[in-house]
Amino acid sequence: MARTALITGVTGQDGAYLSKLLLEKGYTVHGLVRRSSHSEVHAHRLQWLGIENDVQYHDGNLIDLSGLIRTVREVKPDEVYNLAAQSFVKSSWQQPILTSQVTANGVANILEAVRLEAPEARFYQASSSEMFGMIQEPQQSEKTPFYPRSPYAVAKLYGHWLTVNYRESFGLHASSGILFNHESPLRGLEFVTRKVTDAAARIKLGLAKTVQLGNLDAKRDWGHARDYVKAMWMMLQQPASDDYVVATGTMYTVRELCRLAFEAAELNYEDHVEVAEAFMRPAEVDVLFGNPAKAVAQLGWKAETTFPDMIAEMVQADLERHRRRL
Ligand code: NDP
Ligand code: GDP
(Lines give C-alpha, C1' and ligand atoms only; values in the text may rest on other atoms or scores of the structure.)
(Ligands and ions follow the chains in the order given, each with its own letter.)
Protein backbone atom coordinates (compact mmCIF):
# COMPACT_ATOMS: atom_id res chain seq x y z
CA MET A 1 0.00 0.00 0.00
CA ALA A 2 1.23 3.49 -0.84
CA ARG A 3 2.83 5.18 2.13
CA THR A 4 2.07 8.70 3.26
CA ALA A 5 4.66 11.29 4.28
CA LEU A 6 4.23 14.67 5.92
CA ILE A 7 7.05 17.16 5.34
CA THR A 8 7.37 20.41 7.29
CA GLY A 9 9.55 22.88 5.39
CA VAL A 10 8.34 21.39 2.10
CA THR A 11 8.97 24.69 0.26
CA GLY A 12 12.66 24.77 1.29
CA GLN A 13 15.65 23.28 -0.51
CA ASP A 14 15.53 19.88 1.22
CA GLY A 15 11.72 19.78 1.25
CA ALA A 16 11.71 20.04 -2.55
CA TYR A 17 14.34 17.32 -3.14
CA LEU A 18 12.80 15.03 -0.51
CA SER A 19 9.33 15.44 -2.05
CA LYS A 20 10.75 14.43 -5.43
CA LEU A 21 12.46 11.36 -3.96
CA LEU A 22 9.34 10.23 -2.07
CA LEU A 23 7.02 10.82 -5.06
CA GLU A 24 9.36 8.69 -7.19
CA LYS A 25 9.06 5.97 -4.54
CA GLY A 26 5.25 6.10 -4.81
CA TYR A 27 4.52 7.98 -1.59
CA THR A 28 1.60 10.33 -1.14
CA VAL A 29 3.36 13.53 -0.08
CA HIS A 30 1.79 16.16 2.16
CA GLY A 31 3.57 19.40 2.98
CA LEU A 32 3.09 22.05 5.65
CA VAL A 33 3.19 25.56 4.16
CA ARG A 34 3.14 28.76 6.16
CA ARG A 35 0.78 31.36 4.84
CA SER A 36 2.20 34.43 3.12
CA SER A 37 0.71 37.21 1.03
CA HIS A 38 2.66 35.81 -1.95
CA SER A 39 1.02 32.43 -2.28
CA GLU A 40 2.00 32.16 -5.95
CA VAL A 41 5.72 31.97 -5.10
CA HIS A 42 5.62 29.48 -2.25
CA ALA A 43 6.30 26.49 -4.46
CA HIS A 44 9.07 27.89 -6.67
CA ARG A 45 11.53 25.14 -5.70
CA LEU A 46 8.94 22.39 -6.22
CA GLN A 47 8.16 24.09 -9.54
CA TRP A 48 11.86 23.95 -10.55
CA LEU A 49 11.70 20.17 -10.00
CA GLY A 50 8.36 19.92 -11.86
CA ILE A 51 6.40 18.52 -8.90
CA GLU A 52 4.45 21.52 -7.55
CA ASN A 53 1.10 19.91 -8.44
CA ASP A 54 1.99 16.52 -6.98
CA VAL A 55 2.25 17.58 -3.33
CA GLN A 56 -0.80 18.16 -1.10
CA TYR A 57 -0.37 21.39 0.84
CA HIS A 58 -1.60 22.17 4.36
CA ASP A 59 -1.69 25.65 5.81
CA GLY A 60 0.28 25.63 9.06
CA ASN A 61 3.15 26.92 11.12
CA LEU A 62 5.59 25.08 13.34
CA ILE A 63 4.82 27.44 16.22
CA ASP A 64 1.08 26.62 16.11
CA LEU A 65 0.56 23.37 18.04
CA SER A 66 -3.20 23.07 17.51
CA GLY A 67 -2.78 23.41 13.75
CA LEU A 68 -0.07 20.75 13.74
CA ILE A 69 -2.27 18.38 15.72
CA ARG A 70 -5.11 18.86 13.23
CA THR A 71 -2.79 18.36 10.25
CA VAL A 72 -1.25 15.15 11.63
CA ARG A 73 -4.77 13.84 12.51
CA GLU A 74 -5.98 14.56 8.99
CA VAL A 75 -2.93 13.26 7.07
CA LYS A 76 -2.32 10.13 9.20
CA PRO A 77 1.31 9.99 8.06
CA ASP A 78 3.50 6.89 8.09
CA GLU A 79 6.58 9.14 8.08
CA VAL A 80 7.06 12.73 9.29
CA TYR A 81 10.09 14.76 8.18
CA ASN A 82 10.60 17.89 10.27
CA LEU A 83 12.62 20.14 7.96
CA ALA A 84 11.04 23.50 8.83
CA ALA A 85 13.30 25.95 10.62
CA GLN A 86 14.65 29.46 10.71
CA SER A 87 17.68 27.95 9.03
CA PHE A 88 20.10 30.84 8.43
CA VAL A 89 22.84 31.10 11.09
CA LYS A 90 23.55 34.80 10.54
CA SER A 91 19.86 35.78 10.98
CA SER A 92 19.74 33.91 14.26
CA TRP A 93 21.72 36.72 15.94
CA GLN A 94 19.22 39.27 14.62
CA GLN A 95 16.19 37.10 15.51
CA PRO A 96 17.19 34.84 18.42
CA ILE A 97 13.70 34.64 19.91
CA LEU A 98 12.04 33.72 16.62
CA THR A 99 14.82 31.19 15.99
CA SER A 100 14.18 29.51 19.33
CA GLN A 101 10.40 29.54 18.80
CA VAL A 102 10.62 27.85 15.40
CA THR A 103 13.89 25.91 15.36
CA ALA A 104 13.76 24.73 19.00
CA ASN A 105 10.17 24.87 20.36
CA GLY A 106 8.78 23.98 16.95
CA VAL A 107 10.37 20.56 17.35
CA ALA A 108 8.51 20.07 20.64
CA ASN A 109 5.27 21.03 18.88
CA ILE A 110 5.63 18.59 16.00
CA LEU A 111 6.84 15.79 18.31
CA GLU A 112 3.79 16.35 20.53
CA ALA A 113 1.46 16.29 17.53
CA VAL A 114 3.04 13.01 16.39
CA ARG A 115 2.94 11.48 19.88
CA LEU A 116 -0.73 12.38 20.30
CA GLU A 117 -2.06 11.66 16.81
CA ALA A 118 0.33 9.26 15.06
CA PRO A 119 2.55 7.53 17.63
CA GLU A 120 3.38 4.73 15.17
CA ALA A 121 4.70 7.17 12.58
CA ARG A 122 8.44 7.36 11.95
CA PHE A 123 9.93 10.79 12.64
CA TYR A 124 12.96 12.55 11.17
CA GLN A 125 14.53 15.63 12.78
CA ALA A 126 16.76 17.90 10.69
CA SER A 127 19.70 18.35 13.06
CA SER A 128 22.81 20.20 12.00
CA SER A 129 26.60 20.03 12.04
CA GLU A 130 26.42 23.61 13.41
CA MET A 131 25.81 21.89 16.78
CA PHE A 132 29.53 20.95 16.73
CA GLY A 133 30.39 24.67 16.45
CA MET A 134 33.72 25.12 18.19
CA ILE A 135 34.82 21.66 17.18
CA GLN A 136 36.00 19.30 19.91
CA GLU A 137 37.52 16.76 17.50
CA PRO A 138 39.19 17.34 14.11
CA GLN A 139 36.61 15.15 12.33
CA GLN A 140 33.14 15.07 13.85
CA SER A 141 31.05 11.92 14.35
CA GLU A 142 27.95 10.98 16.37
CA LYS A 143 30.23 10.65 19.42
CA THR A 144 31.81 14.14 19.20
CA PRO A 145 30.69 16.52 22.00
CA PHE A 146 28.66 19.53 20.89
CA TYR A 147 29.65 23.20 21.35
CA PRO A 148 27.09 25.42 19.57
CA ARG A 149 28.27 28.88 18.48
CA SER A 150 25.06 30.68 17.39
CA PRO A 151 21.45 31.01 18.54
CA TYR A 152 20.60 28.77 15.56
CA ALA A 153 22.95 26.04 16.74
CA VAL A 154 21.68 26.29 20.33
CA ALA A 155 18.11 25.90 19.05
CA LYS A 156 19.07 22.91 16.89
CA LEU A 157 20.71 21.27 19.89
CA TYR A 158 17.42 21.47 21.81
CA GLY A 159 15.59 19.87 18.87
CA HIS A 160 18.23 17.15 18.63
CA TRP A 161 18.09 16.17 22.30
CA LEU A 162 14.31 16.37 22.39
CA THR A 163 14.17 13.91 19.51
CA VAL A 164 16.50 11.56 21.41
CA ASN A 165 14.40 12.07 24.52
CA TYR A 166 11.06 11.25 22.81
CA ARG A 167 12.65 8.07 21.45
CA GLU A 168 13.82 7.07 24.91
CA SER A 169 10.75 8.32 26.85
CA PHE A 170 7.88 7.28 24.60
CA GLY A 171 9.41 4.72 22.24
CA LEU A 172 8.81 6.90 19.18
CA HIS A 173 10.70 5.83 16.05
CA ALA A 174 12.46 9.21 16.03
CA SER A 175 15.78 9.69 14.23
CA SER A 176 18.04 12.70 14.11
CA GLY A 177 20.16 13.36 11.04
CA ILE A 178 23.19 15.48 11.88
CA LEU A 179 23.65 16.81 8.38
CA PHE A 180 26.68 18.81 7.32
CA ASN A 181 26.16 21.71 4.91
CA HIS A 182 24.40 20.66 1.74
CA GLU A 183 23.72 22.81 -1.24
CA SER A 184 22.19 22.74 -4.72
CA PRO A 185 20.77 25.09 -7.36
CA LEU A 186 17.80 25.38 -4.95
CA ARG A 187 19.86 26.65 -1.99
CA GLY A 188 18.75 30.02 -0.56
CA LEU A 189 20.68 33.00 -1.99
CA GLU A 190 21.85 34.09 1.47
CA PHE A 191 24.03 30.98 1.97
CA VAL A 192 27.62 31.35 0.81
CA THR A 193 27.69 28.71 -1.96
CA ARG A 194 24.64 30.03 -3.77
CA LYS A 195 25.63 33.64 -3.10
CA VAL A 196 28.93 32.94 -4.90
CA THR A 197 27.52 30.88 -7.79
CA ASP A 198 24.81 33.47 -8.39
CA ALA A 199 27.38 36.28 -8.30
CA ALA A 200 29.69 34.44 -10.72
CA ALA A 201 26.75 34.03 -13.13
CA ARG A 202 25.68 37.68 -12.86
CA ILE A 203 29.24 38.94 -13.32
CA LYS A 204 29.70 36.67 -16.34
CA LEU A 205 26.56 38.13 -17.94
CA GLY A 206 27.60 41.72 -17.19
CA LEU A 207 24.86 42.21 -14.55
CA ALA A 208 27.34 42.90 -11.71
CA LYS A 209 31.05 43.54 -11.22
CA THR A 210 31.84 42.38 -7.67
CA VAL A 211 30.53 40.37 -4.73
CA GLN A 212 31.17 41.08 -1.05
CA LEU A 213 31.82 38.16 1.31
CA GLY A 214 32.93 37.63 4.92
CA ASN A 215 35.42 35.03 6.16
CA LEU A 216 37.13 33.44 3.15
CA ASP A 217 39.10 31.04 5.36
CA ALA A 218 36.09 29.21 6.84
CA LYS A 219 36.12 25.51 5.96
CA ARG A 220 33.06 23.39 5.36
CA ASP A 221 32.22 19.81 4.40
CA TRP A 222 29.77 20.61 1.59
CA GLY A 223 27.59 17.96 -0.07
CA HIS A 224 24.64 17.92 -2.48
CA ALA A 225 21.08 18.15 -1.07
CA ARG A 226 19.88 15.57 -3.62
CA ASP A 227 22.23 13.00 -2.03
CA TYR A 228 21.45 14.05 1.55
CA VAL A 229 17.66 13.63 1.37
CA LYS A 230 18.27 9.97 0.48
CA ALA A 231 19.99 9.55 3.85
CA MET A 232 16.91 11.04 5.60
CA TRP A 233 14.66 8.46 3.96
CA MET A 234 17.10 5.61 4.65
CA MET A 235 17.13 6.49 8.38
CA LEU A 236 13.36 6.01 8.57
CA GLN A 237 13.55 2.61 6.84
CA GLN A 238 15.74 1.16 9.63
CA PRO A 239 14.12 -1.21 12.15
CA ALA A 240 15.28 1.02 15.02
CA SER A 241 15.63 4.80 15.16
CA ASP A 242 19.07 6.34 15.75
CA ASP A 243 21.28 9.37 15.11
CA TYR A 244 23.53 9.66 12.06
CA VAL A 245 26.15 12.10 10.81
CA VAL A 246 25.73 12.74 7.08
CA ALA A 247 28.77 14.31 5.39
CA THR A 248 31.16 13.82 2.49
CA GLY A 249 34.38 13.56 4.52
CA THR A 250 35.97 16.23 2.29
CA MET A 251 36.56 19.87 3.12
CA TYR A 252 37.05 23.12 1.18
CA THR A 253 37.52 26.77 2.16
CA VAL A 254 35.19 29.58 1.09
CA ARG A 255 38.17 30.84 -0.98
CA GLU A 256 38.34 27.49 -2.84
CA LEU A 257 34.59 27.68 -3.40
CA CYS A 258 35.11 31.11 -5.01
CA ARG A 259 37.91 29.83 -7.23
CA LEU A 260 35.83 26.87 -8.45
CA ALA A 261 32.66 28.90 -9.05
CA PHE A 262 34.39 31.68 -10.96
CA GLU A 263 36.41 29.14 -12.97
CA ALA A 264 33.13 27.46 -13.94
CA ALA A 265 32.09 30.85 -15.36
CA GLU A 266 35.56 31.31 -16.97
CA LEU A 267 36.45 34.15 -14.58
CA ASN A 268 39.13 34.79 -11.95
CA TYR A 269 37.62 35.21 -8.48
CA GLU A 270 40.44 37.54 -7.37
CA ASP A 271 39.18 40.17 -9.83
CA HIS A 272 35.67 40.19 -8.34
CA VAL A 273 35.54 39.06 -4.68
CA GLU A 274 35.77 41.72 -1.94
CA VAL A 275 35.84 41.14 1.81
CA ALA A 276 33.35 43.16 3.86
CA GLU A 277 32.98 43.38 7.64
CA ALA A 278 29.16 43.21 7.28
CA PHE A 279 29.38 39.52 6.39
CA MET A 280 31.57 38.50 9.34
CA ARG A 281 29.82 36.77 12.27
CA PRO A 282 29.85 37.60 16.00
CA ALA A 283 31.11 34.06 16.65
CA GLU A 284 32.45 32.04 13.73
CA VAL A 285 32.47 28.30 13.15
CA ASP A 286 35.89 28.02 11.51
CA VAL A 287 35.84 24.38 10.46
CA LEU A 288 33.26 21.63 10.00
CA PHE A 289 34.48 18.25 8.75
CA GLY A 290 32.25 15.21 9.08
CA ASN A 291 32.86 11.50 9.51
CA PRO A 292 29.98 9.67 7.78
CA ALA A 293 31.29 6.15 8.60
CA LYS A 294 28.17 5.12 10.55
CA ALA A 295 25.75 6.23 7.81
CA VAL A 296 27.89 4.46 5.21
CA ALA A 297 28.08 1.21 7.22
CA GLN A 298 24.54 1.06 8.64
CA LEU A 299 22.44 2.81 6.00
CA GLY A 300 24.52 1.94 2.94
CA TRP A 301 24.49 5.67 2.11
CA LYS A 302 27.21 7.53 0.28
CA ALA A 303 27.72 11.00 -1.13
CA GLU A 304 27.52 10.71 -4.91
CA THR A 305 28.29 14.27 -6.04
CA THR A 306 31.73 15.87 -5.66
CA PHE A 307 32.02 19.47 -4.50
CA PRO A 308 33.52 20.76 -7.80
CA ASP A 309 30.74 19.04 -9.80
CA MET A 310 28.06 20.50 -7.53
CA ILE A 311 29.47 24.02 -7.81
CA ALA A 312 29.65 23.70 -11.61
CA GLU A 313 25.99 22.54 -11.65
CA MET A 314 24.98 25.52 -9.49
CA VAL A 315 26.82 28.03 -11.70
CA GLN A 316 25.17 26.58 -14.83
CA ALA A 317 21.73 26.78 -13.18
CA ASP A 318 22.32 30.41 -12.16
CA LEU A 319 23.56 31.31 -15.65
CA GLU A 320 20.40 29.73 -17.08
CA ARG A 321 18.13 31.61 -14.63
CA HIS A 322 19.72 34.99 -15.38
CA ARG A 323 19.83 34.42 -19.17
CA ARG A 324 16.09 33.70 -19.08
CA ARG A 325 15.49 37.07 -17.42
CA LEU A 326 17.71 39.08 -19.81
P1 NDP B 1 15.44 26.19 3.93
O2 NDP B 1 15.75 27.46 4.64
O3 NDP B 1 15.61 26.13 2.44
O4 NDP B 1 13.92 25.78 4.24
C5 NDP B 1 13.34 26.02 5.48
C6 NDP B 1 11.86 25.67 5.39
O7 NDP B 1 11.24 25.92 6.65
C8 NDP B 1 11.06 26.50 4.36
O9 NDP B 1 10.13 25.66 3.74
C10 NDP B 1 10.36 27.52 5.23
O11 NDP B 1 9.17 28.01 4.67
C12 NDP B 1 10.04 26.65 6.43
N13 NDP B 1 9.70 27.40 7.64
C14 NDP B 1 10.42 28.38 8.23
N15 NDP B 1 9.79 28.82 9.34
C16 NDP B 1 8.65 28.10 9.45
C17 NDP B 1 7.58 28.08 10.37
N18 NDP B 1 7.54 28.90 11.42
N19 NDP B 1 6.58 27.19 10.19
C20 NDP B 1 6.59 26.37 9.13
N21 NDP B 1 7.57 26.34 8.19
C22 NDP B 1 8.59 27.20 8.37
O23 NDP B 1 16.29 25.05 4.65
P24 NDP B 1 16.92 23.69 4.02
O25 NDP B 1 15.95 23.05 3.15
O26 NDP B 1 18.30 24.00 3.54
O27 NDP B 1 17.14 22.84 5.35
C28 NDP B 1 16.13 21.95 5.84
C29 NDP B 1 16.35 21.72 7.32
O30 NDP B 1 17.63 21.14 7.54
C31 NDP B 1 16.33 22.99 8.19
O32 NDP B 1 15.75 22.64 9.43
C33 NDP B 1 17.79 23.33 8.34
O34 NDP B 1 18.01 24.09 9.52
C35 NDP B 1 18.39 21.93 8.44
N36 NDP B 1 19.77 21.82 8.02
C37 NDP B 1 20.15 22.29 6.79
C38 NDP B 1 21.45 22.16 6.37
C39 NDP B 1 21.87 22.64 5.02
O40 NDP B 1 23.09 22.71 4.80
N41 NDP B 1 20.96 22.93 4.11
C42 NDP B 1 22.47 21.52 7.23
C43 NDP B 1 21.92 20.97 8.46
C44 NDP B 1 20.63 21.13 8.83
P45 NDP B 1 9.13 29.31 3.70
O46 NDP B 1 9.31 28.75 2.31
O47 NDP B 1 7.79 29.87 3.96
O48 NDP B 1 10.27 30.21 4.09
P1 GDP C 1 26.42 27.89 7.69
O2 GDP C 1 27.59 26.97 7.82
O3 GDP C 1 25.11 27.21 7.96
O4 GDP C 1 26.56 29.15 8.47
O5 GDP C 1 26.32 28.23 6.12
P6 GDP C 1 26.67 29.57 5.30
O7 GDP C 1 26.68 29.17 3.86
O8 GDP C 1 25.77 30.68 5.69
O9 GDP C 1 28.16 29.94 5.78
C10 GDP C 1 29.23 29.05 5.60
C11 GDP C 1 30.53 29.74 5.97
O12 GDP C 1 30.82 30.73 5.00
C13 GDP C 1 30.50 30.46 7.32
O14 GDP C 1 31.70 30.18 8.01
C15 GDP C 1 30.42 31.92 6.95
O16 GDP C 1 31.05 32.81 7.90
C17 GDP C 1 31.25 31.92 5.66
N18 GDP C 1 30.95 33.08 4.80
C19 GDP C 1 31.88 33.93 4.31
N20 GDP C 1 31.29 34.90 3.63
C21 GDP C 1 29.96 34.69 3.68
C22 GDP C 1 28.84 35.38 3.15
O23 GDP C 1 28.94 36.41 2.50
N24 GDP C 1 27.61 34.84 3.40
C25 GDP C 1 27.46 33.69 4.12
N26 GDP C 1 26.23 33.19 4.30
N27 GDP C 1 28.51 33.02 4.66
C28 GDP C 1 29.75 33.51 4.42
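**Exercise 1. Find which residue of strand 11 is the bridge partner of S176, then place that pairing in its sheet.**

Step 1. The partner of S176 in strand 11 is D243. Strands here are DSSP runs of E with at least two residues, and helices are runs of H or I with at least four, numbered from the N terminus.

Before going on, some housekeeping: this is a predicted model, where local features need pLDDT of at least 70, side-chain atom pairs count only at pLDDT 80 or more, and totals for chains, interfaces and linings use all residues. Residues are numbered from 1 along each chain as its sequence is written, chains are lettered from A and ligands numbered from 1 in the order in which they are written, and side-chain values use heavy atoms, with hydrogens and water left out.

Step 2. Strand 6 (residues 173–179) runs parallel to its partner, strand 11, with four bridges between them. To count as paired, two strands need at least two bridges in DSSP.

Step 3. Zoom out: the open sheet has seven strands, ordered 3-2-1-4-5-6-11, with parallel pairing. At the edges sit strand 3 (56–59) and strand 11 (243–246), each pairing on one side only. On average, neighbouring strands are turned by 20 degrees against each other, direction ignored; the axes are lines fitted to C-alpha atoms.

**Exercise 2. Describe what surrounds ligand 1.**

Step 1. Count the shell: 23 residues, with T11, N61, S87, Y152 and H182 the closest. A residue is in if one of its heavy atoms lies within 4 Å.

Step 2. Sort by class: nine are nonpolar, 10 polar and four charged. Asp, Glu, Lys and Arg count as charged, and Gly goes with the polar ones.

Step 3. Look for the suppliers. Helix 1 (13–24), strand 5 (122–128) and helix 6 (151–170) each bring at least two residues, and strand 5 gives the most, with three.

Step 4. List polar contacts (N or O pairs within 3.5 Å). A ligand 1 nitrogen is 2.9 Å from a polar backbone atom of L62, while one of its oxygen atoms is 2.8 Å from a side-chain N or O of K156. Alone, ligand 1 exposes 900 Å², and the protein buries 87% of that (Shrake-Rupley, 1.4 Å probe).

**Exercise 3. Do the same for ligand 2.**

Step 1. Its shell holds 18 residues, the closest being E130, K195, G214, R281 and E284. They split into nine nonpolar, three polar and six charged.

Step 2. Check the domains, whose bounds come from an automatic or database assignment. Domain 1 (4–182 + 224–246) and domain 2 (188–220 + 250–288 + 305–325) each contribute at least three shell residues.

Step 3. Go through the contacts. Oxygen atoms of ligand 2 lie 2.5 Å from a side-chain N or O of R281 and 2.9 Å from one of R220. A nitrogen atom of ligand 2 sits 2.9 Å from a polar backbone atom of E190. On its own ligand 2 exposes 530 Å², of which the protein buries 97%.

Definitions and conventions. Polar contact = N/O pair within 3.5 Å; in protein donor to acceptor, adjacent residues only side chain to side chain. Axes fitted to C-alpha atoms, helices over the stretch in contact; angles between N-to-C directions.
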